[in-house]
Amino acid sequence: MDALKLPGLKQRLEQTHTGAFPVLHRNQVIAEYYRAGFAPDDLHLVMSISKSMCGLVMGALTDTGGVDPDAQVVEYVPELAGSVYDGPTVQHVLDMAIAIDYNEDYLDPASEVQTHDRSAGWRTRRHGDPNDTYAFLTTLTGSGDVGKFQYCSANTDVLAWIIERVTGMRYSEALAKYLWSKPGAGRDATITVDSTGFGIANGGVSCTARDLARVGHVILDRGQGPGGRVVSEEWVRSILAGGDREAMADSPFTALHPRGSYSRQWWCTGNEHGIVTGVGIHGQYLWIDPSAETVIVKLSSWPEPGSDQLHQLDNKLLLDLGSVLNGPSAASALKLKENVA
């Protein structure tokens, strides 16, 4: 990590419960850190970065005409008629722009997200819980108003249901075909499935840190991977351009990134480097800096799902590294890259 020329870096990684931290420049590892007991080829749960992967699969299907983002959700999944998804479009789901009665408080036993987890088998079931993820999604209600950002994990599982319906595959199979086979991954990834075999698209993927970085590099490479194209350049441009900033006004994310937005299952900082990121609870980040041609993965084990303090520390760390990699010290990192190569 010395090549990054960031004082106190190891201490900051330890302070934020980091397990793995590879830094890639132009698809080459220029520096990395692993905590004791965690190896470069170990799998780590990436939580809601899984959502960003699902967004790329949807992009692949949109590019081929398999999915029309302007079509209503129920055109693909009529089982959702009568739910909050009866009316909104696929694009509204992609951008988390639907008003849903869904409490995303991971520590509240009465929250919808805990019911969602129990239905999927991530928590111990209770009497009266829906039998599986499909059944749970049909129960969701709300005003269904569209246009304002509301983070909701159920949205991503709806996207996965659409993917299954369009492709005729299980979501895990579609994820392998349309994404994981393309970035040059060194290991298979895994995904949690519920009792029906439905892959938990909203947070169930586990993979190595380096392979996750390779997924991020698909964005830098304009949608292309060593194993073939994942999404079109247009889809990548749409992610990098960001979403509707007004839709996300006064959110915790814009408190950190005032020009922030959300687009196609990705968080967009709107800063001068054009950084976009996938984010997962307990401290998971897939950080893509187009101006520095750099991808940083931070996999962590925070003691609690969310923490304003740890989010601030992690975002400050990642932004500080971006400044280093965009500045004069980048030459040292590039020299290390040449040595590694």
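**Aromatic cluster**

I began with the rings and found that ring pairs link Phe149, Tyr151, Phe253, Tyr262 and Trp267 into a cluster. I counted rings of Phe, Tyr and Trp (its six-membered ring) as a pair if their centres lie within 6.5 Å, with planes under 30 degrees apart taken as stacked, over 60 as edge-to-face and the rest as tilted. I note that this is a predicted model, in which local features need pLDDT of at least 70 and side-chain atom pairs count only at pLDDT 80 or more, while totals for chains, interfaces and linings use all residues. Residues are numbered from 1 along each chain as its sequence is written, and side-chain values use heavy atoms, with hydrogens and water left out.

I then listed the aromatic pairs of the structure, and there are nine. For tyrosine 34 and phenylalanine 38, I found ring centres 6.3 Å apart and planes at 25°, so this pair is stacked. I also looked up their cover: tyrosine 34 is buried at a relative accessible area of 18%, and phenylalanine 38 is buried at 11%. Buried here means under 20% relative accessible area, exposed over 50%, and partly exposed in between (1.4 Å probe, protein chains only).

**Strand β9: tryptophan 267 and cysteine 268**

I located tryptophan 267 in strand β9, residues 266–268. Helices (H or I, at least four residues) and strands (E, at least two) are DSSP runs, numbered from the N terminus. Tryptophan 267 counts as buried because its relative accessibility is 13%. Setting aside neighbours within four places in sequence, I found tryptophan 267 in contact with Phe149, Tyr151, Met248, Phe253, Ser261, Tyr262, Val276, Thr277 and Val279; contact means heavy atoms within 4.5 Å. From tryptophan 267 to leucine 240 the C-alpha distance is 9.6 Å, over 27 residues of sequence.

Cysteine 268 also lies in strand β9, and its relative accessibility of 3% makes it buried. Beyond the neighbours within four places, its contacts include Ile239, Gly242, Gly243, Phe253, Ser263 and Ile275. I recorded a C-alpha to C-alpha distance of 7.5 Å between cysteine 268 and glycine 243, which are 25 residues apart in sequence.

**Aspartate 314**

I asked next which helix holds aspartate 314. The residue lies in α12, residues 308–325. Aspartate 314 has 0% relative accessibility and therefore counts as buried. Outside the four places on either side in sequence, aspartate 314 is in contact with Thr16, Tyr285, Lys298 and Trp302.

**Helix α8**

In helix α8 (residues 171–180) I found the buried residues to be Tyr171, Ala174, Leu175, Tyr178, Leu179 and Trp180. They cover an arc of only 155° around the axis, which puts them on the same side of α8; the arc is that of the directions from the helix axis to the C-beta atoms. I noted the elements against which these buried residues pack: α2 (49–63), α7 (153–167), β4 (190–191), β5 (205–207) and α9 (209–220).

**Sheets**

Two of these packing partners, β4 and β5, led me to an open sheet of three strands in the order β3-β5-β4, with antiparallel pairing. The strands β3 (44–45) and β4 stand at the edges, each with a single partner strand, so one side of each has no neighbour in the sheet. Two strands pair if DSSP finds at least two bridges between them. I found two bridges between β3 and β5, and leucine 45 has serine 206 in β5 as its bridge partner.

I then examined β1 (residues 18–25), which six bridges join to β2 in an antiparallel arrangement. Leucine 24 has valine 29 in β2 as its bridge partner. The hairpin of β1 and β2 has two residues between the strands, and in it arginine 26 takes a positive phi near 50°. Strand β2 (residues 28–34) is mostly covered, five of its seven residues being buried.

**Whole chain**

I closed with the totals. The chain has 13 helices and twelve strands, and 56% of its 341 residues are buried. Its radius of gyration of 19 Å agrees with the value near 20 Å for a compact globule of 341 residues; this radius is taken over C-alpha atoms, and the globule rule is 2.2 Å times the number of residues to the power 0.38. The C-alpha trace spans about 60 × 40 × 40 Å along its principal axes. Of the contacts with a separation of 6 or more, 64% join residues 24 or more positions apart.
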